[in-house]
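Work through these short exercises with the structure open. Each task is followed by a solution in steps.

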Amino acid sequence: MYDVTIIGAGIVGLATAYQLLERRPDLKICMLEKENGVARHQTGHNSGVIHSGIYYKPGGTRAVHCQRGYKLMLEFAEKQGIPYDICGKIIVATNAAEQAKLDEILQRGIANGMKELRKVGREELLEIEPYAKGGVEAIWVPQAGIINYKKVAEKYLEIVEQRGATAFFGAKVQQIIQGDVECVVISQSAEARSKIVVNCAGLYSDKVANMTVSHHAYRQASRSIQILPFRGEYYELIPEKQYLVRNLIYPTPNPKFPFLGVHFTRMIEGGIEAGPNAVLAFKREGYSRWDFDRKEFFETLSFPGFRKIAAKYWRDGLEEMRRSYFKSAFVKSLQKLVPEIQSEDLRPGGAGVRAMACDAEGNIIDDFLIFEDKNIINVCNAPSPAATASLAIGETIAQKVLRRLNEK
Ligand SMILES: Cc1cc2nc3c(=O)[nH]c(=O)nc-3n(C[C@H](O)[C@H](O)[C@H](O)COP(=O)(O)OP(=O)(O)OC[C@H]3O[C@@H](n4cnc5c(N)ncnc54)[C@H](O)[C@@H]3O)c2cc1C
């Protein structure tokens, strides 16, 4: 019997295993992952930005974990020799309305303890990013950086396996039997008995939470949340045009919208990405716009929360669809920041799907959502910056697990 079973070998599940073994090297940990390797979904398809924590509500779990996770991530990368670069980023306002929003973001950042943030005028903005000529003003965020989170996840796995954890791949969890003393997790290829189960299943975390015998806590704690999949598509700048972007150029985000807007990102291994947009995916792991799963799409459409969100955001949603289907619309958004970019400078890149938790009343769950149900700890919302914050989230979950183990 194991002490802990962790479902999902994305960055959150792996960081949880890592933090548990940091504190209790004697623990017997089992990981069950449905794919044949780590980081096959959100973790391996993100922008690779080390977020500073500027955007998040002060005092909220995203703000708190981002700040702590940022520090832990840099220490980890340094110690393990994982390449990263604190290159800084600019958040650009292109008109007076955005300038006013920029002030709000700056105040948030300051409330989150980021003293080094500052506004820069057009002249200084162009010294930082010479081709961001669409900008009239910007916030300079010196703390932001870049890293490859797949590499981080692979390193977490290497360390936890060295410390005795067992990882099963190709092990899609299908059933959980929750008893008073132990839980049995049944997957396609392995069965694990343990005292505690941690659900870090990302895009399927709601489904896994629903497998537990006791639905009561889930219904109460989460008000019946459902994961809505939002695909983010990227383009890549062709090598001859990469001089147009030095590091990270972000637009002023729409405060009503849960995503940051299409931006330019230098990748740690080289190259510049533009994106991601945010379109409803017709399949939870639908990386192409042609991917469609009838059952999953029907579940999305029939969820009352989705219908309320669609009623609220239909205009933004349509605009995102247009940007997905028409490259010219995508390019236009990028030209607001860097006017010299042309359609032929961009070639299609990859895509990622974000797991966005939403409740039945149509509220997007803004903060990380971790709730406990008897012997199961469910991580049912770990949106960006959960990769940056992974070691801090892992720390929080580890504390909850250890408290429960001590009670046994
Ligand atoms: C397009 C995009 C850009 C982003 N950019 C950034 C960024 O720049 N910086 C940042 O900090 N964050 C970013 N994020 C957010 C970040 O990537 C995620 O918050 C983070 O990766 C979540 O990790 P996770 O482990 O919860 O989920 P995942 O990485 O999705 O892992 C969940 C795992 O669970 C497995 N699983 C699911 N169901 C089962 C089952 N039934 N049985 C067994 N295994 C199962 C899956 O196969 C998967 O491996 C971005 C996300 C996206 C999608």
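A polar contact is a pair of N or O atoms within 3.5 Å; within protein, one must be able to donate a hydrogen and the other to accept it, and residues adjacent in sequence count only if both atoms are side-chain atoms. The model is predicted: local features need pLDDT of at least 70, side-chain atom pairs count only at pLDDT 80 or more, and totals for chains, interfaces and linings use all residues. Residues are numbered from 1 along each chain as its sequence is written, and side-chain values use heavy atoms, without hydrogens and water.

**Exercise 1.** Find polar contacts of the ligand with V12, K34 and N46.

Solution.
- Start at V12: a backbone N or O atom lies 3.1 Å from a ligand oxygen.
- Go to K34: here a backbone N or O atom is 3.2 Å from a ligand nitrogen.
- End at N46: an N or O atom of its side chain sits 2.9 Å from a ligand oxygen.

**Exercise 2.** State how much of the ligand's accessible area the protein covers.

Solution.
- Alone, the ligand has 1,000 Å² of accessible area (Shrake-Rupley method, 1.4 Å probe).
- The protein covers 97% of that area.

**Exercise 3.** Describe the shell around the ligand.

Solution.
- Count 37 residues around the ligand (a heavy atom within 4 Å).
- E33, T43, V173, A382 and T388 come nearest.
- Sort the shell: 19 nonpolar, 13 polar and five charged residues.

**Exercise 4.** Explain why the ligand lies between two domains.

Solution.
- Take the domain bounds, which come from an automatic or database assignment.
- Domain 1 (2-48 + 150-225 + 366-407) and domain 3 (226-364) both give residues to the shell, so the ligand lies between them.

Definitions and conventions
Nonpolar A, V, L, I, M, F, W, Y, C, P; charged D, E, K, R; others polar.
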